Amino acid sequence: MATVFTYDPVRKAGARFYDLDGNGSADTADLKFIDGGYGDKDGVKNGVVVDPSTAGAVDLNAIFTATANSLTVSDPTDTTSPASLLVRASLKSTASTVNEIGYIALDANESPLSLSYDLVKERGTLLFGTLQNSDVPDTTKMSFQRDINLINGQKLMFFEVVDNTLEALLKTGSLNSSFRSLDVTKMTDSSATAGKGGSSINLNLSTDFSGLGELISSQMADAPIFDFSSLAGQTLTGDVLIAREASYDSSIGFYKLERSDGAVRDNLTNSLIMPGELGYSDVALRSSNLFKGFGSLATANRENKSAAIDAFKDAGLLAPYARVANTGETYFSFAAANSDGLSHFRVLGSGVLGLEDLQGNGDRDFDDLIASFNFKLSTGAVV
């Protein structure tokens, strides 16, 4: 009996399709299962996923339907086909504060009047962080956008965390004044905006598939991680644009992960070390765990620098770290691994990372060093 495995942002699992070579057709499917749940045909949580599956297609003519605080995406003539739809979110404007923007997804039969703490904790997904609207480096050549996959008939609600982080807010056990729902305004059947007097985003219904950058950044909703694991054997190249607005000299490098929760392998004991455990920093930065394909990313204050990325492959899961020369501090992408227990990297867009270089997070502007990556498939071989 066939059952649906379309990517469901409510469950945060399912099948997503990607166009890696940019020719307009999907060539890769990324499958995320829930052991004993969505996509696992044996229905038992036993460490084994049973997945006799195949791809299917249906023609839809979806449009936007908006209320004051939600956006429904569906084909009004076909409300039953559970096919995948794609909404592309891009940053429209920023505020004087440094914020985070995210969304929660609702099924067609769900209609909450407001976002509760429990709903945000369970389903909240961050799209990107925003920079201040003044005193920032030149980012005009960087793209601040993310893709949202959802099922025909589902709706989206958007929120903003002002001068705070969603991670810190959820630790308090309630939604305080730094959290606010965003107002949704439909512009056309395929375009809308969301905002509330501060940062705002554009929302566009896309007929394209997500590209290579979205696949590599697919883990970024939870932590600043690049995921190349589904591209094993394929050669990639690209370029990176680096910008800085800070007096301290910082540089960004990358290290290899065993899992998306930040685990690194100790090659001396063959054991896994988690962020926050003794020795994590030393193990993560051993030569056996360092990924040197991107080099050491740095630039002078108020200057932009572009660098080519040489051909590489089989990079697996990579996480950034930053060294601050003036203070001797090293910051990792996982808060538990940092000396102050705080997050020092922020996702600003697909493939775009921002760094806060001060202990205790300083002014929390996350523009002390910004790295924007653009990856592409290569036909050349890695020597």
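In the predicted model, Asp147 is a buried residue, its relative accessible area being 11%. The partner of Asp147 in a salt bridge is Arg88, and the closest N and O atoms of this pair lie 2.7 Å apart. Distant parts of the chain are linked in this way, since Arg88 belongs to strand S5 and Asp147 to strand S8, with the two positions 59 residues apart. Asp147 counts as buried because its 11% relative accessible area falls under the 20% limit.

The two strands that carry this pair are also joined to each other in a sheet. Strand S5, residues 84–93, pairs with S8 in the antiparallel sense, and 7 bridges are found between them. Within this pairing, Ser84 is placed opposite Ile151 of S8. The sheet is open and consists of 5 strands in the order S8-S5-S13-S12-S11, paired antiparallel. Its edges are formed by strand S8 (145–151) and strand S11 (183–188), each of which pairs on one side only. From one strand to the next, the twist averages 25 degrees. Asp147 is thus located in strand S8, an edge strand of this sheet.

A separate description applies to strands S3 and S4. Strand S3 (residues 63–66) runs antiparallel to strand S4 (residues 71–74), and 4 bridges join them. The connection from S3 to S4 is a hairpin through 4 residues. Phe64 faces Val73 of S4 across this pairing, the two residues standing opposite each other.

In total, the structure holds 14 salt bridges. Side chains of opposite charge can pair when their charged atoms come close. In addition to the pair formed by Arg88 and Asp147, a salt bridge is formed between the side chains of Asp249 and Arg244, at 2.9 Å from N to O. The two partners fall into separate accessibility classes: Asp249 is partly exposed at 41% relative accessibility, whereas Arg244 is buried at 5%. Asp261 and Arg259 likewise meet through their side chains in a salt bridge, with an N to O distance of 2.9 Å. Here Asp261 is partly exposed, with a relative accessible area of 33%, and Arg259 is partly exposed as well, with a value of 38%. A network of salt bridges links Asp135, Glu245 and Arg302.

The largest nonpolar core comprises 30 residues, and the members that touch the most others are Phe226, Phe228, Phe254, Phe294, Phe312, Phe373 and Phe375. At least two residues of this core are supplied by each of helix H3 (212–216), strand S15 (236–243), strand S16 (250–257), strand S20 (305–312), S21, strand S23 (345–349), strand S24 (352–355) and strand S25 (369–377). The largest share, 4 residues, is contributed by S25. Apart from this core lies another, of 24 residues, which includes Ala62, Phe128, Phe158 and Leu203.

The surroundings of Phe254 illustrate the packing in the 30-residue core. With neighbours within four places in sequence left aside, Phe254 is in contact with Phe226, Leu290, Phe291, Phe294, Leu297, Leu318, Ala319, Pro320, Tyr321, Leu353 and Phe373. Among these contacts, Phe226, Phe294 and Phe373 are themselves listed with the residues that touch the most other core members.

Strand S21 (317–324) is followed by a loop that leads to strand S22 (330–332), and Ala325 lies in this loop. Ala325 is exposed, at 64% relative accessibility. The C-alpha atoms of Ala325 and Ser251 are 8.2 Å apart in space, although the residues are 74 positions apart in sequence.

Asn99 belongs to strand S6, residues 99–106. Asn99 is buried, with a relative accessibility of 0%. Two polar contacts of its side chain are found: one with the side chain of Thr97, at 2.9 Å, and one with the side chain of Ser199, at 3.4 Å. Leaving aside neighbours within four places in sequence, the contacts of Asn99 are Gly129, Thr130, Glu160, Val161, Val162, Asp163, Ser199 and Arg346. Ser199 therefore appears both as a polar partner of the Asn99 side chain and in this contact list, where contact means heavy atoms within 4.5 Å.

Notes
Residues are numbered from 1 along each chain as its sequence is written. This is a predicted model: local features need pLDDT of at least 70, side-chain atom pairs count only at pLDDT 80 or more; totals for chains, interfaces and linings use all residues. Side-chain values use heavy atoms; hydrogens and water are left out. Two strands pair if DSSP finds at least two bridges between them. Axes are lines fitted to C-alpha atoms, for helices over the stretch in contact, and angles run from 0 to 180 degrees between N-to-C directions. A salt bridge is a side-chain nitrogen of Lys or Arg within 4 Å of a carboxyl oxygen of Asp or Glu. Buried means under 20% relative accessible area, exposed over 50%, partly exposed in between (1.4 Å probe, protein chains only). A nonpolar core is a set of buried Ala, Val, Leu, Ile, Met, Phe, Trp, Tyr and Cys residues joined through side-chain atoms within 4.5 Å. A polar contact is a pair of N or O atoms within 3.5 Å; within protein, one must be able to donate a hydrogen and the other to accept it, and residues adjacent in sequence count only if both atoms are side-chain atoms.
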